[in-house]
Amino acid sequence: MFEIVFLGTSAAAPSIRRNLSAHVVLHKEYRFLVDCGEGTQRQLLKSGLGFKRLNKVLLTHSHLDHILGLGGLLSTFMRWETIEEVEIFGGRSTLSFVDVKPGRLMEDDSFELIAFPVTHRGGECFGYLFREKPRRPFLVDKAEALGVPPGPERRRLVAGESVTLSDGRTIHPDEVLGPEIRGAALAHVGDTGRTSDLIEHVRGADALVIESTYLDAEADLARSYDHLTAAQAARLARDAQVGQLILTHISRRYGQKQVLAEAQAIFPNTAVARDFDRFRVLKDKSTLLENLTVEEENWHVAA
Ligand SMILES: [Zn+2]
Ligand SMILES: [Zn+2]
């Protein structure tokens, strides 16, 4: 299970309702900050997430609307006693901290984080795939029938090792493990001008988060600035058979409803993220849980 909280959903410049790109992905004890636009610190505080355990930063690319908040955030971290080390992942030209290459960035026994290349102005751009590893369920009935006692033998079989029982018989994992079951997957793509090279990387993801800066009426502008239209993002979601499409990086020139309508005509299970929206991504089910802001009503008054 993954959760993603949108801290900033605006393209290029902030609006009253939308801050610049930043997202927090939560999985088990991990918290990943994906991009860090200007003003992200206050968005973190407003969301209630705060800075706790936020020690992994993933950057999609080096454009200023995605990274300008990083200096301030690191300055806060330097004074923040509970965060001793921050890992920053990005392309070489994005920042000279850690040079990301496509492939697996980290893993544990049940989770992996994969970076894949994305085509956008300036190069060295990455998308990120958060994926639970597939697992094979332990078939208790079969183990009982074969006389495998509860305890270390079963744990070793689950870990993929063969075991020899006290009566001399050898039991192999295939005899007690069911067919592989895939886990949940969340694909995150920042700015991009192309979708053809993304299909295989995001295929089958339960949720795809991707930019949608333009509408099809301005497809020529999208092309010249290396961005997507809502329709292009929706066609990618359809062709890659993802579960839910979540659009972000929304331009101030459009209303949320226009963006949603254009995408839903092609891929019905589309949402347009608002700042502070929190989504939960399970295998075969991605849903909007809530909006974390407590001040939204006041914003209406201010607007
Ligand atoms: Zn951008
Ligand atoms: Zn960009």
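In this predicted model, the second largest pocket is lined by 15 residues. Of these, Ala11, Ala12, Thr213, Tyr214 and His227 lie nearest the centre of the pocket. The pocket has a volume of about 220 Å³. Its lining divides into five nonpolar, five polar and five charged residues.

Enclosed space was examined next. A search of the whole structure finds one cavity of 30 Å³ or more. The largest cavity holds about 40 Å³ of space. Four histidines contribute to its lining, namely His23, His66, His188 and His249. Asp35, Asp191 and Glu211 also line the cavity. The lining is completed by Ser21, Val189, Gly190, Ile210 and Thr248. By class, the lining of this cavity has two nonpolar, seven polar and three charged residues.

Attention then turned to a pair of helices. Two packed helices are described by the angle between their axes and the distance between the axes. Helix α9 spans residues 230-239, and helix α10 spans residues 256-264. The axes of α9 and α10 come within 8 Å. They cross at roughly 40°. An angle that is neither under 35 degrees, nor over 145, nor from 65 to 115 counts as oblique. The helices α9 and α10 are therefore oblique to each other. The crossing of α9 past α10 is right-handed.

The residues that meet between these helices were then listed. On the α9 side they are Ala230, Ala231 and Ala234. On the α10 side they are Val259, Glu262 and Ala263. By class, the contact of α9 with α10 has five nonpolar residues, no polar residues and one charged residue.

Glutamate 262 was followed in more detail. This residue is placed in helix α10. Neighbours within four places in sequence were set aside for its contacts. Glutamate 262 is then in contact with Ala230 and Ala231, and also with Leu215, Asp216 and Thr229. Glutamate 262 and alanine 234 are 28 residues apart in sequence. In space, the C-alpha atoms of glutamate 262 and alanine 234 are 8.4 Å apart.

Technical notes: Residues are numbered from 1 along each chain as its sequence is written. Chains are lettered from A and ligands numbered from 1 in the order in which they are written. This is a predicted model: local features need pLDDT of at least 70, side-chain atom pairs count only at pLDDT 80 or more; totals for chains, interfaces and linings use all residues. Side-chain values use heavy atoms; hydrogens and water are left out. Axes are lines fitted to C-alpha atoms, for helices over the stretch in contact, and angles run from 0 to 180 degrees between N-to-C directions. Helices (H or I, at least four residues) and strands (E, at least two) are DSSP runs, numbered from the N terminus. A crossing is left-handed if the near helix is turned anticlockwise from the far one by less than a right angle, and right-handed if clockwise. Contact means heavy atoms within 4.5 Å. Ala, Val, Leu, Ile, Met, Phe, Trp, Tyr, Cys and Pro count as nonpolar, Asp, Glu, Lys and Arg as charged, and the others, Gly among them, as polar. On a 1 Å grid over the protein atoms alone, a cavity is a set of points where a 1.4 Å probe fits but cannot get out, and a pocket is an open set with protein on both sides within 12 Å along at least five of seven lines; lining residues have an atom within 4 Å of a point. Grid points are joined across faces, edges and corners, and a volume is the space filled by probe spheres set on the points.
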